[in-house]
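Student: Please show me the structure, and let us go through it step by step.

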Amino acid sequence: KFDAVIFDLDGVITDTARYHYLAWKRLAETQGVPFDEAFNEHLKGIDRMGSLDLILASAARSYTQEEKLALADEKNRHYVQLISTMSPADLLPGAVPALDACRAAGLKIGLASVSKNAFAVLEMLGITGKFDYVVDAAKIAKGKPDPEIFLKAASELGVAPERCLGVEDAVAGVASIKAAGMTALGVGDPAVLTQADRVIPGLDRFSLAV
Ligand code: G16
Ligand code: MG
């Protein structure tokens with residue numbers, strides 16, 4: 001049924017979603033903006049400046065572009081510090097077996113992350129070589145939920161979108177996969193990832209039977 005599988009990184013292969021949450025939470029608190037896990041769900045898969053705009057939308061004042069860039073930079077420095085000790089031990093259960101199962105099935109393997117830190121995270125996890133093609137923030141103009149990132153991965157892999165399976169933990173990411181005309185495998189809670197074709201709790205339950 002599929003010729004390629006395109007994985008999201010944060011929250012699917014490793015739990016950097018937790019670190020993004022902690023870094024945004026601290027940033028929001030410095031600006032007096034309320035922040036919790038439920039609000040954070042809307043930020044998953046959204047790029048850095050887009051996430052900041054969503055947080056500052058409930059701030060008491062408006063911010064200049066210069067101030068926003070400084071805040072985004074501050075959040076990223078905290079995030080980079082949080083991920084600095086990552087190693088292959090931070091791979092989520094089932095991540096490597098899922099990648100290896102796709103490889104054994106003769107499928108192309110892509111990665112679609114809007115994170116500017118994606119290549120650094122892949123290196124720390126020791127899995128860069130497991131992907132045929134990686135799309136990160138530098139290669140796209142529009143982030144998730146726009147389909148661009150998954151379409152770019154498919155075209156670079158030389159596979160038609162309808163022959164691709166996208167794997168995502170974020171509402172915006174699942175929307176991006178569906179807008180690209182692909183099948184979406186959600187990782188997380190089916191009550192949250194309502195647009196996914198199937199939802200599993202983690203990659204330890206990964207199968208190509210979607
Ligand atoms: C990830 C996260 C988002 C984060 C974005 C940008 O996307 O899910 O929470 O805001 O990357 O990250 P950075 O600030 O490192 O550029 P994805 O697509 O990997 O889920
Ligand atoms: Mg994600």
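The turns below go from confidence to fold, sheet and ligand shell.

Tutor: This is a predicted model, in which local features need pLDDT of at least 70, side-chain atom pairs count only at pLDDT 80 or more, and totals for chains, interfaces and linings use all residues. Residues are numbered from 1 along each chain as its sequence is written, while chains are lettered from A and ligands numbered from 1 in the order in which they are written.

Student: What is the mean pLDDT of the protein?

Tutor: pLDDT is the predictor's confidence in each residue, from 0 to 100. Here 100% of the residues reach 70 or more. The mean is 97.

Student: How many helices and strands does the protein have?

Tutor: Both are DSSP runs, numbered from the N terminus: helices are H or I with at least four residues, strands E with at least two. Along the sequence they follow β-α-α-α-α-α-β-α-β-α-β-α-β-β. The count is eight helices and six strands.

Student: What is the strand order in the sheet?

Tutor: Two strands pair if DSSP finds at least two bridges between them. The sheet is open, has six strands and pairs them in parallel. Its order is 3-2-1-4-5-6.

Student: Which strands stand at the edges?

Tutor: An edge strand here has a single partner strand, so one of its sides is left without a neighbour in the sheet. Those strands are strand 3 (133–135) and strand 6 (198–200).

Student: Which residue of strand 4 is the bridge partner of Ile6?

Tutor: Strand 1 (residues 4–7) runs parallel to strand 2 (residues 108–112), joined by four bridges. Four bridges also join strand 1 to strand 4 (residues 164–168). In strand 2, Ile6 stands opposite Gly110. In strand 4, its partner is Gly166.

Student: Are the residues on the two faces of strand 1 buried or exposed?

Tutor: Buried means 20 or more other C-beta atoms within 10 Å of a residue's own, exposed 12 or fewer, and partly exposed in between, with C-beta atoms placed from the backbone. One side holds Ala4 and Ile6, the other Val5 and Phe7. All four are buried.

Student: How many residues surround ligand 1, and which are the closest?

Tutor: A residue is near if its C-beta atom, placed from the backbone, lies within 6 Å of the molecule. Helix 1 (16–30) and helix 3 (48–56) each give two or more residues to this shell. The shell has 22 residues, and the closest are Asp10, Arg48, Ser113, Ser115 and Lys116.
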